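Me: I would like to go through the labels on this model one by one. For each, set the value against the cut-off and conclude.

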Amino acid sequence: MKKKKRKLFLRRMRHKLLFMMIALTILFAVLIGTLVYINTSKGARYEKEVLSQKNYESITVPYRRGDILDCNGTVLATSNKIYSLIIEPKNILRKEEIRKATTDALNKYFGVTKEEMDEYLKDSKSLYKVVKKHLSYEEVKAFNDYADSDEGSDIGGVWFEEGYTRVYPYKELGCHMLGFVVSGNEGIGGLEGSYNDELNGTNGRTYAFLNDSYNLERTTEPATNGYTLVTSIDTEIQKIVQKNSLELQKKMNPKNISVLVMRPKTCEVLAMYNLHQYDPNDAYNVDSTRYQFPDMSDDEFKAYEDKMTDEQRLDALNEVWRNFILSDTFEPGSTYKSFVLAGALEEGVLSGDEDFYCDGHQQVADYDIYCSEHDGHGTLDLPGALAYSCNDSFMQIGALMGRTVFAKTQRNFGFGMRTGIDIYGEMGNESLATLIYDEDRLNEVELATSAFGQGVSVTMMQLGTAFCSVINGGYYYQPNLVRRIVDENGNLIKNYDNILVRRTISEDTSAKMREMLQGVVENGTGWRTAIEGYTIGGKTGTAEKIPRNQGNFILSFIGFAPVEDPEVVIYCVVDEPDVPEQDMSGAGTMLFQMIAKDLFPYMNIYRTNDIDPSTIKEVDDPVSPVFVEGSPTDEEVAPGTRDEGAGDADAGNGEDADDGENDGAGGEDAGGNDTGGEETEGGDTDGDTGGEDTGGEDTG
């Protein structure tokens, strides 16, 4: 009986054990499965939680900011890798031989003294101490080669953290287009500022910790690098413009030179130059502001530089960073006649066969407004009126157009509004609108003076873009610098098509304008720009600056080639050349010719003209005041100062230009400082470039 019970007990025990084994097997299987699932789906998160409970350092893995390339792939801005020397005191102090070998090596290769090393090692628990920054690859390689040798085998607790520094290989070349970068990869001005988000990437992180066996372990989240900009800028054209501008500076020492080069068929910017440049590699170097203190000797400037307040320093630098082509306005003078004439032809006010009689003045309201040729040009056809830049003829054209058509023409060509170019610096529409007369304020005198480019103010970008449409068949495109955005491997991220904003004139009107603008060069005031073998068209402009009768002028020329199929527009503006008679100096036309002689061969623009420049008549009209004694002063007829509906806004200057839109480099509003009114409001003497085109020392 007992034996039977015992067998029954053993059988039950075996069943229980079997059940327990099966249960434990299932439990272990579930546990293993759970661990596999957790490790697969949530391993990274739990790994960080584990690391957070250990002795570790979290280190940023910096992204690489994208490059800026010109249209040919030339690198204009890039980010070069640099290194920071990092030591781990806790690991270095593990053994005396490690401490000694590491201290000696750091002294030999990086100049770290024993006293400095002892100071770093005081924090004996640390695994992250920055000793040196901005080390080059060559410096790091030399140390690593030594550390990998038998002689350096005892070195420990040293590694190098990677980073990037922004580099502009061509230094000041194109600085106002490019802008620069400050700490934190923040772009300021130009393309760096406007495309900051696209150029920047996202940092990664490396989590480094010391395990129980004193082995350093790491886990890394990789960084995402920024995108690269491919632009319409041509480095070689920029070099040509800069070289010739500096040559003119040596000859005439003007206050400023600005040059804009565009592709007329698309309004793409090929080059953009301002005389007073800075090196984006060292943008805060105050030496670049030296030109702002002409009355100081070098020693005096150095002493002043040392005593500058932060506010004074930033104010001076903002003037250097400022892009005149986008941010400053000035009276265009007779270059404006190109748009007046094109608008009159397009609107049917003129047929093209008209003649005008210039007797030297025009009576407008109660005033006699004089042409530059006080004895009169006599009878002129339309090409002659443009070639000789006859103010009398253009006042008559303005009267025929009337305020409605004239106001429409100005707006149609984009004056009084932003161009929409894709870099910072333009004033806002509200401020730009005050720089021209709208229909309600175009009284007789305002209409007359506006017709020859006086009393209105423009930016170089506005006028350059509008001029492209005059000669390209009437297509007004939004000007731009960026063609496409690619990733670090060259894969296309975004392509920027040319944006057609509006049609300004017909192809027929455009063809007539190209022919008449060629006549300005071959028969009129643009004679200095002629180059043997090339068909060139363009228009001169000479604006007398306020205060009047001081002999200070802005001289300009905007031209294109070839006339039959325009490939390039070059717009040159020279401010106050330091010569006895500024208006007769021909500064704008001279600079155009200097640039064009180098640029045309580079752009494969062929010679298709048999004209000999030496046979062209020199048209140099004497400069004389538009208003004679007893007539109103400039201030009395300046925009916004007349009672007859002129309104309150000062349309001729930039004092009301700061509306907070599109702040320029350095945090200053690009629409603010001295944007054309305080210095350049009003009179076009149109002795255009050297007295040629003296059709309007229009001081009205």
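Me: Let us start with a pair. Are Arg166 and Glu192 buried or exposed?
Reply: Arg166 is buried, and Glu192 is buried too. That label requires under 20% relative accessible area. Bear in mind that this is a predicted model.

Me: What makes Arg166 and Glu192 a salt bridge?
Reply: Their closest N and O atoms are 2.9 Å apart. The cut-off is 4 Å, so the pair qualifies. Arg166 lies in strand S5 (residues 158–167) and Glu192 in helix H7 (residues 190–194), so the bridge ties together parts that are 26 residues apart in sequence.

Me: How many salt bridges does the structure hold?
Reply: The structure holds 26. One of them joins Lys122 to Glu119, with the closest N and O atoms 3.1 Å apart.

Me: Why is Lys122 called exposed?
Reply: Its relative accessible area is 61%. Exposed means over 50%, so Lys122 qualifies. Glu119 has 49% relative accessibility, so Glu119 counts as partly exposed.

Me: What about Arg290 and Asp298: why is that a salt bridge?
Reply: The closest N and O atoms are 3.1 Å apart, within the 4 Å limit, so the label holds. Arg290 is at 21% relative accessibility. Buried would need under 20%, so Arg290 counts as partly exposed. Asp298, at 54%, is over 50% and therefore exposed.

Me: Which residues are linked in a network of salt bridges?
Reply: The network links Lys255, Lys545, Asp575 and Glu576.

Me: Now a charge with no such partner. How do you know that Asp422 has no salt bridge?
Reply: The nearest side chain of opposite charge is Lys494, 10 Å away. A salt bridge needs 4 Å or less, so Lys494 does not count. Asp422 is buried all the same. Asp422 lies in the loop between helix H15 (391–412) and helix H16 (429–433).

Me: What makes the approach of Asp422 to Tyr195 a polar contact?
Reply: Their side chains meet at 2.8 Å. The limit is 3.5 Å, so the distance fits. The side chain of Asp422 also reaches the backbone nitrogen of Val482, at 3.1 Å.

Me: On to the rings. Why is the pair of Tyr284 and Trp321 called edge-to-face?
Reply: The structure holds 22 aromatic pairs. In this one, the centres are 5.1 Å apart and the planes are at 80 degrees. Pairing needs centres within 6.5 Å and edge-to-face needs over 60 degrees, so both tests are met. Tyr284 lies in the loop between strand S12 (268–274) and helix H10 (298–307), and Trp321 in helix H11 (residues 310–321), so the pair ties together parts that are 37 residues apart in sequence.

Me: Are Tyr284 and Trp321 buried, partly exposed or exposed?
Reply: Tyr284 has 45% relative accessibility, so it counts as partly exposed. Trp321 has 3%, so it counts as buried.

Me: What makes Tyr336 and Phe339 an edge-to-face pair?
Reply: The ring centres are 6.2 Å apart and the planes are at 70 degrees. The limits are 6.5 Å and 60 degrees, so the pair is edge-to-face. Tyr336 and Phe339 are both buried.

Me: Which rings are linked into a cluster?
Reply: Ring pairs connect Tyr109, Phe110, Phe143, Tyr146 and Phe160.

Me: Which charges lie over a ring face?
Reply: Among them, Arg502 lies over Tyr476, at 4.7 Å from the ring centre. Arg503 lies over Tyr475, at 4.0 Å. Each distance is within the 6 Å limit.

Me: How do you know that strands S14 and S15 pair?
Reply: Four bridges join S14 (residues 361–364) to S15 (residues 367–370). Pairing needs at least two, so the test is passed. The strands run antiparallel, and His361 stands opposite Tyr370. They form a hairpin with two residues between them. In the turn, Ala365 has a positive phi of about 55 degrees.

Me: Last one. Why is helix H17 called mostly covered?
Reply: Seven of the eight residues in H17 (residues 444–451) are buried. Among them are Val445, Leu447 and Ala451. Just after H17, Gly453 takes a positive phi of about 85 degrees.

Note on methods. Residues numbered from 1 in each chain as written. Heavy atoms only, no water. Phe/Tyr/Trp six-rings, centres within 6.5 Å; stacked < 30°, edge-to-face > 60°. Buried < 20%, exposed > 50% of the residue type's maximum accessible area, 1.4 Å probe, protein only. Lys NZ or Arg CZ within 6 Å of the ring centre and 35° of its normal. Lys, Arg positive; Asp, Glu negative; His and termini not counted. Polar contact = N/O pair within 3.5 Å; in protein donor to acceptor, adjacent residues only side chain to side chain.
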